[in-house]
Amino acid sequence: CQMNAADSEVVLSIMQKEGFVYTENIERADVILVNTCSIRDNAEQRIWGRLKEFVRYKKANRALIVGIIGCMAERLKDSIIENHNLVDVVAGPDAYRDLPALVRQTESGGKGINTMLSREETYAEISPVRLDKNGVSAFVSIMRGCNNMCSYCVVPYTRGGERSRDPQTIVREVRELFDAGYREVTLLGQNVNSYKWDCEGGAVDFPALIRMVAETSPLLRVRFATSHPKDMCDRLLETMASMPNICRCIHLPAQSGSTRMLSLMNRRYTREWYLDRIAAIRRYMPDCSITTDLIAGFCTETEQDHEDTLSLMREVGYDGAYMFKYSERPNTKAARHMEDDVPEEVKTARLTQIIELQNSLSERSNRADVGREFEILIEGESKRSSGQLFGRTSQNKVVIIDRGQHSVGDYVRVKITDCTSATLLGESV
Ligand code: SAH
Ligand code: SF4
């Protein structure tokens, strides 16, 4: 996930300060740290698969140290080391400052474990070492953890309680990025709408923070993820509408279109509330794209609940969506008190229907852009041809154009000439 990508950059910064050197060549590594996700079971299964591959490197280099960091480390703690003699270091999301010491500890044959969660850690003053090398867009973490306790979700357990990062350190990091040539930042948190920093002269909330960040330069694009529908307030929409460099794109995870399901999920909004927020977004920014997350087959979901999700999708007309089958996570409220009673084949069938509907909505959304003009920020060379570049619209859609005289980091005004379900084709105007 984006959060882990941002965390890996913090980890790299911490390790480099202690003299460790980053390599892209895994065969040459003396330390391998695997940042992990626990959000769904298949994410964890992929990590176990990955670990098996490392046996080979360990055979080739007896001194190799393998560490598991992040959510899975937090969830499974010492049992990872007990069950996998391959693993030497286990560090949870709030223990990254301790990583150099944990690694050194294993050099003398021991194991290094720290899965303490913190109420304060935000890695505020650490400047992440950027791993994604386009040099144009970067993630900036503004808060950590989550207090929302959605009944299906493991995040509050693996990443701990919610805490916001000092706004001065955020603004400083963004300014440094801009000065280094970056032109887009994505502010990250599990629920950015509840960002809050108390200080003399009043609190800084998310609308205030995003304004501070956007004021860095009109040439800097600002995005954010994720916002929770229950906290999506008009003040944020007003702020966005008043600043053209805050991108016209909101990711607003619905999870389900059925109020009954939303209540079981402990999302703390209804279908009607959600649709009212969508109407508010459209009122403030008619050109704003809206994307979402959806879960198929949560406990007790009926055919009618599923239909409610499909009808919500049609009603909103999402521009994009991340769609998942419900995956029971140990120790969550749902795992403890509800039965995972929707059969696997039903979950699969419902997910397939959701995906098919979204494909047609995405295609319709792209078709509607043909003939329109947008300003895109060029991010890199197109995968298909070195004669083409790709960039994104403010709405976060990918546009392919001929290279011409343009280069990475440029803003280019384009007219959309054609599209597929995944991308737009354009020409500069
Ligand atoms: N904090 C964000 C999302 C974090 S997790 C929010 O609340 O919107 C990203 C997405 O993973 C969630 O929106 C949800 O759709 C999905 N997800 C989380 N737990 C899941 C589970 N147990 N099974 C299936 N999908 C899950
Ligand atoms: Fe999980 Fe809900 Fe927090 Fe998102 S808001 S991280 S889904 S508990």
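The legends below describe close-up views of a predicted model.

**View 1. The shell of residues around ligand 2.** Ligand 2 is surrounded by Cys146, Asn148, Met149, Cys150, Tyr152, Cys153, Val155, Pro156, Gln190, His228 and Arg267. When the residues of this shell are sorted by the character of their side chains, 7 count as nonpolar, 3 as polar and 1 as charged.

**View 2. The open sheet of strands 12, 13 and 14.** In this view 3 strands make up an open sheet, arranged in the order 12-13-14 and paired in parallel. Strand 12 (249-251) and strand 14 (320-325) stand at the edges, and each has a single partner strand, so one side of each is left without a neighbour in the sheet. From one strand to the next, the twist averages 10°. Strand 13 (residues 289-296) is joined to strand 14 by 6 bridges, and these two strands run parallel. As an example of such a pairing, Ile295 has Phe324 in strand 14 as its bridge partner.

**View 3. Strand 8 and its two partner strands.** Strand 8 (residues 184-188) has 5 of its 5 residues buried, so this strand is largely enclosed by the rest of the structure. In a regular strand the side chains alternate between the two faces of the sheet. Both faces of strand 8 are covered, with Glu184, Thr186 and Leu188 buried on one side and Val185 and Leu187 buried on the other. Strand 8 pairs with strand 5 in the parallel sense over 5 bridges, and in this pairing Val140 stands opposite Leu187 of strand 8. Strand 8 also pairs in the parallel sense with strand 11 (residues 221-225), again over 5 bridges, and here Glu184 stands opposite Arg221 of strand 11.

**View 4. The salt bridge between Arg159 and Asp7.** The structure holds 34 salt bridges, and one of them is formed where the side chains of Arg159 and Asp7 meet at 2.7 Å, from N to O. This pair links distant parts of the chain, since Arg159 belongs to helix 6 (residues 155-159) and Asp7 to helix 1 (residues 2-17), and the two are 152 residues apart. Arg159 and Asp7 are both buried. They also take part in a network of salt bridges that links Asp7, Asp94, Arg144, Arg159 and Arg163.

**View 5. The salt bridge between Arg97 and Glu121.** The side chains of Arg97 and Glu121 meet in a salt bridge with an N to O distance of 2.7 Å. Arg97 lies in the loop between strand 3 (89-91) and helix 5 (99-107), while Glu121 lies in the loop between strand 4 (112-114) and strand 5 (137-141), so the pair ties together parts that are 24 residues apart in sequence. Arg97 counts as partly exposed because its relative accessibility is 39%, whereas Glu121, with a relative accessible area of 13%, is buried.

**View 6. The salt bridge between Arg277 and Asp276.** The side chains of Arg277 and Asp276 meet in a salt bridge at 3.1 Å, from N to O. Arg277 has a relative accessible area of 7% and is therefore buried, while Asp276, with a relative accessible area of 35%, is partly exposed.

**View 7. The contact from Thr36 to the backbone of Met72.** Thr36 lies in strand 1 (residues 31-36), and with a relative accessible area of 0% Thr36 is buried. The side chain of Thr36 reaches the backbone nitrogen of Met72 at a distance of 3.0 Å.

Definitions and conventions
Residues numbered from 1 in each chain as written. Chains lettered and ligands numbered in written order. Predicted model: local features only at pLDDT ≥ 70, side-chain atom pairs only at ≥ 80, totals over all residues. Heavy atoms only, no water. Near = heavy atom within 4 Å. Nonpolar A, V, L, I, M, F, W, Y, C, P; charged D, E, K, R; others polar. Pairing = 2+ DSSP bridges. Helix = DSSP H or I, 4+ residues; strand = E, 2+ residues; numbered from the N terminus. Axes fitted to C-alpha atoms, helices over the stretch in contact; angles between N-to-C directions. Salt bridge = Lys/Arg side-chain N within 4 Å of Asp/Glu carboxyl O. Buried < 20%, exposed > 50% of the residue type's maximum accessible area, 1.4 Å probe, protein only. Polar contact = N/O pair within 3.5 Å; in protein donor to acceptor, adjacent residues only side chain to side chain.
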